[in-house]
Amino acid sequence: MTRTLLPLVYGSAAFVFIYLPVAALVLFSFQDGTLPVPPFEGPSLRWYADVLADDDLTAALLNSLGVALLSASVAVTLGFTAAYGLARHRLPGTALLRALLIAPLTVSYLIVGLGLLIVLQRIGIGLSLWTAGIGHVVINLPLCFAIIYASMGAQNVNAERAARDLGAREAQVVLLVTVPMLAPAILAAFFLSITLSWDEFIIAFLLTRFDVTLPVEIWSMLRSGLSPRLNAIGSLVFLVSVTAVILLELVVFRRRS
Amino acid sequence: MTARADTIRGWGFAAPALVWTAAFFVVPFVVMAAMSLATLDGRTLIWGLHPDNYLELASKAYLARAIVVSLEITLTVTVVSVMLAYPLAWIIAFRIPPRWQRLALLLAILPFWTSYVVRSYAWLLVLARDGVVNQALLGIGLIDEPLTLANTRFATVTGFVHFFVMLLTLTIYANLVQLSPNYRKAAADLGANAFQTFRHVVLPLTLPGIMTGAFLTFVLCIGDYITPQILGGNTELTVPQVIMVQLGRRADFPLASALAVVLMGLVTLAYLVMSRWLRLDRL
Amino acid sequence: MTAPVTLERIGHSFGSLRALDDITLDIAAGEYITLLGPSGCGKTTLLSVLGGFLTPDAGRVLIGGEDMTRVPAVRRPTATTFQDYALFPHMTLRDNVAFGLRMAGVGRRDRRARADQKLDMVGLLAQADAHPHALSGGQRQRVALARALAVEPDVLLLDEPLGALDLKLRRAMQDELKAIQREVGTTFVHVTHDQEEALAIADRIVVMNAGRIEDAGAPARIYRQPASLFAAEFMGETNRFSGRGTGGRIETPFGAVDRPPPAEGPLTLCLRPEAVRPREAAAQGSLAIGPSRVRDAAFFGTHCRAHLTPDAAPDLLLVAHLPAVDPPAPGAVLDLAAETADLAAFAATG
C-alpha cells in the first residue's frame, strides 16, 4: 500500500509545488480585471493585446532575440573550435587551458557582469546590447565548450583519420565529418545558450543602457507592482522558452536514440 | 603532419576562445580584484593597496550582516532543495516505467525554463497578501487573517527552493539511472530492506552526484540578486543586493568589488569543504 | 592500382617503450601480407607508419620505389580500413564510399557510378541509400573495404579488419577478403592477432613480437618450420621437448634425425600435435616414437585429441591429434611416429 501510495502523494505534491507559480502566472494573464489575484474573472485577452501593442516591450523582445541568437552563435562557434583544438591536437598544458575555458562557470553572473562593467567604464566603451552580448558569450562559452568537448569521443577520431586518409583537407574534415558527427552536441549547446541568454537578467541589466533586453524591461515594469500585463508578458516568455526546450528534446535527443 | 605543425594548428583552433575568455573574463576579474584594493576620495578613484574596503566590511554592521544573511539563506536553500528533490528523482527513476521517465522528467523541470525574473514574479503572485495561497487558506477557514508571506525570507527561500528542486531533480535523476539496477537487486537478494538498500547502497553511490548538485546550488544561490530582491523585499539584504546598492546609488565600485571578492571567497570555501565529494569533471 | 613496399630499418619509441625495433621488410606488388602478433607487439604501430599516421624515429618507408617516410596520409597511395570501421554515421553508404572521390574532385555522376560499382563488389548495392547504423558488423566491414578501395589505392592497410566479428562470420569474411584482393590486385597489408586468420588468408605472414620481426614467410613454412621458438608457439599448439645437436645430427628422445642442427649442444624441439600419428599411417623414414600409453583422449570432430606418454620418454606428455575415429581408451598403447619434416629445432636458451 505505502509502496505505491506514498510516492503518488509525494509526486503529486511536488508537481503542485512546481506548477503552482506557473499556473497562477498563466491563469491570471487571462484576468479581466486589473489585479492578477483571485477571484479569477475572465477569460480575457485584453492584457495580451495590451502587451503586444507596447512598443517598448516588443522592442525589448526583439533585442533579446537578437542578443540570444548572435551570442549563442558566437559561443557555440568558439566553443567548438576550442574543443576541436584541445581534443584533436597536441597542446602543452591542455588541463590548464581546459580549466581556463571552464572557469567562468564557477563565478556568479553578477561578478562576471561587474568585472566587465568596470573594464568597459575604464576604457570608455559605452554600454549597449553589444556589451551585454559579450557578457552572454562569456557565460555560455564554457558550457558550449564543455558539452562539445565531452562528445568528442574516440570513435570520431578514427572517422576523421579515415577522411584525412581519403584526401580531405583540414577544413573539409571539420565541416564534412566532425561537425555533422557532433551535430547533436552542437545543437544542444546552441539551444541551451539561446535559452540562457534569453533569460539572463543581471549581466544584461549591468551592461545595457538605452536599448534593453526583455528581462530588464520586465524588471522595470515590476516596480509598479502586480499587474496582469506582467502575467501576459511572462506567459509569452514562458511559451517561447518551453517551445525551445521541446524543440531541443524532439530534434536533438529523439534523433540520437 | 609533424608534431610541431599539429601544435600550431591546435593553437589556431583554440586561440579565439582563449583570447575571448582572457579578454572578457580574466582581465575584468583581475581589474575587479585590483579595484577592491582601491579607495574613493570623494568621487576620485585612488588605485593602490588600500585595505579600506575590507576594513569597512568588518566594521559596518549592515555589511557583515549581509554576509550572514546570504550564508543562512544559501545553506537553508541547499539542504531543503536536496531533501525535497531526492525523493522526486527517486520516484521518477524507480517508480515510473522507463518509457515514460523522460517525459516525466521533462514535465517535472519544465518551469525551470521560465525566465528567472518571471518565475520570481509568479511566486510573488502566489504569496501576495491577497494571493492564491492566502485566499485558499482563508477560503477553507484555516486562517482568519491573511499571512505575510511575500517580502520575507520565507518567500526568498521558497522561490529559490522551487528553482533548485528542479535543477537537483535533474542531476540526481541522472545519477540514479546510471546506477546499475543489479546493485539494488544484489542488496535485496542479500536481505536488505528498501531503507537499508537506500542507506547502504544507493545513497553512498549517488553521494558524489548529490554533492555536485549541492555545490552548484550553493554557487548559483549565493550569487543571485533577483530572487531576494523581488521576493525578500528590502527587509534584509543579501551580499548581491548590497553590491547592487553600492553600484547603483553610491557608485562605490571599490566596495562593490570587495564584496564580490568576498562572495568568491565564500564559494571557494564551500568548494574546499565539499571538494572530497565533488566530481566537477562529470558535470 | 598496386605497388611494392619497402621498409628499411624502421625504429620508433613511445617514451621508454620500444614499439618498433629495426624493422626491415620487402612487400611485393599485389602481395597479401598479414602482420601477426600478440597485442603490443608493434603490428598496429607498423601499420600507422605505413599509412602515414605516424612518422617513425628512424628508417625509411618506400612505396612504389618512392620515399614516403615524411609524406602525410593524404598524399600517400595507401588507404586504411580501421578496426572500428570509422564509417561516417551521417552519410549514406554511397556517400561514405564516394567520400574519397569527392575529396579528389571527381564529379557527382562519375563518383556515384564508381561508388556503386564498389558497393556492388561487396554485395551491398541494394543498401546504397542506407545509413551505417542500419548494418550488421560484417556489412559495415564490407562498406569500410569498399570505401578504402574506391580511391584505388596502391596499397590497402587493414587494421584488425575482422576483429569485431564473431568467429563464424570472421571465417566467411576472410574468404571474401582474399577473393576481393585477387580481383583488384592491390597490395594488402592486414594486421591481426588471430593466427588461423593469418594462415587462411595471407600469401606471406610476418610474425612480430616486442617490436621485432620474429619470422616472415609462407604460411605452411611458418607453421611447420618456424624460424623462432616464439613463432612456433604463437602459430599454434606444439609439443616442446629437449634434444641435442651433435655431430651434424639432431638427437631426440626417440632417436637421431639426420638433419643439420641449428646449433651444437642443447636444443629445444617442437612437434605439432597433428604431426604425431599412428605408425602405420606414417611415411617411410619418419621418426619412430614407439609404443605410447594413452592417458586420456577426446573426440573433437575433425580429430581425436589425446595425451600420451611414450615408453621411450616416460617424463613426456605428448599431445597428439589422431585420426577422427573412436577415441582410444585410457591405458591403451599405440605405436606412434612423426614426420621429421614437421620437427622444428631451436638452440636452447638460458
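**View 1. Chain A meets chain B.** About 7,000 Å² is buried between chain A and chain B, with 81% of it on carbon and sulfur atoms; buried area here is the accessible area (1.4 Å probe) that two parts lose on being put together, summed over both. On the chain A side, Tyr10(A), Phe17(A) and Ile18(A) lose the most area to chain B, together 9% of what that side buries. The contact (heavy atoms within 4.5 Å) draws in 78 residues from chain A and 75 residues from chain B.

**A note before the next views.** This is a predicted model, in which local features need pLDDT of at least 70 and side-chain atom pairs count only at pLDDT 80 or more, while totals for chains, interfaces and linings use all residues. Residues are numbered from 1 along each chain as its sequence is written, chains are lettered from A and ligands numbered from 1 in the order in which they are written, and side-chain values use heavy atoms, with hydrogens and water left out.

**View 2. Charged and polar links between chains A and B.** Look for two salt bridges between these chains; the term means a side-chain nitrogen of Lys or Arg within 4 Å of a carboxyl oxygen of Asp or Glu. In one of them, the side chain of Arg90(A) meets that of Asp6(B) at 3.8 Å, N to O. There are also 11 residue pairs in polar contact (both at pLDDT 80 or more). A polar contact is a pair of N or O atoms within 3.5 Å; within protein, one must be able to donate a hydrogen and the other to accept it, and residues adjacent in sequence count only if both atoms are side-chain atoms.

**View 3. Helix α1 of chain A at the chain B contact.** Helix α1 (residues 2-27) of chain A brings 14 residues, the largest share of the side of chain A that touches chain B. Helices are DSSP runs (H or I, at least four residues), numbered from the N terminus. That side of chain A divides into 58 nonpolar, 13 polar and seven charged residues.

**View 4. Chain A meets chain C.** Here 16 residues of chain A are in contact with 21 residues of chain C, and the two chains bury about 1,600 Å² between them, 66% of it on carbon and sulfur atoms. Between chain A and chain C there are zero salt bridges, but three residue pairs are in polar contact (both at pLDDT 80 or more). Helices α7 (154-165) and α8 (170-181) of chain A each supply at least two residues of the side that touches chain C, and α7(A) gives the most, with eight residues.

Key: Ala, Val, Leu, Ile, Met, Phe, Trp, Tyr, Cys and Pro count as nonpolar, Asp, Glu, Lys and Arg as charged, and the others, Gly among them, as polar.
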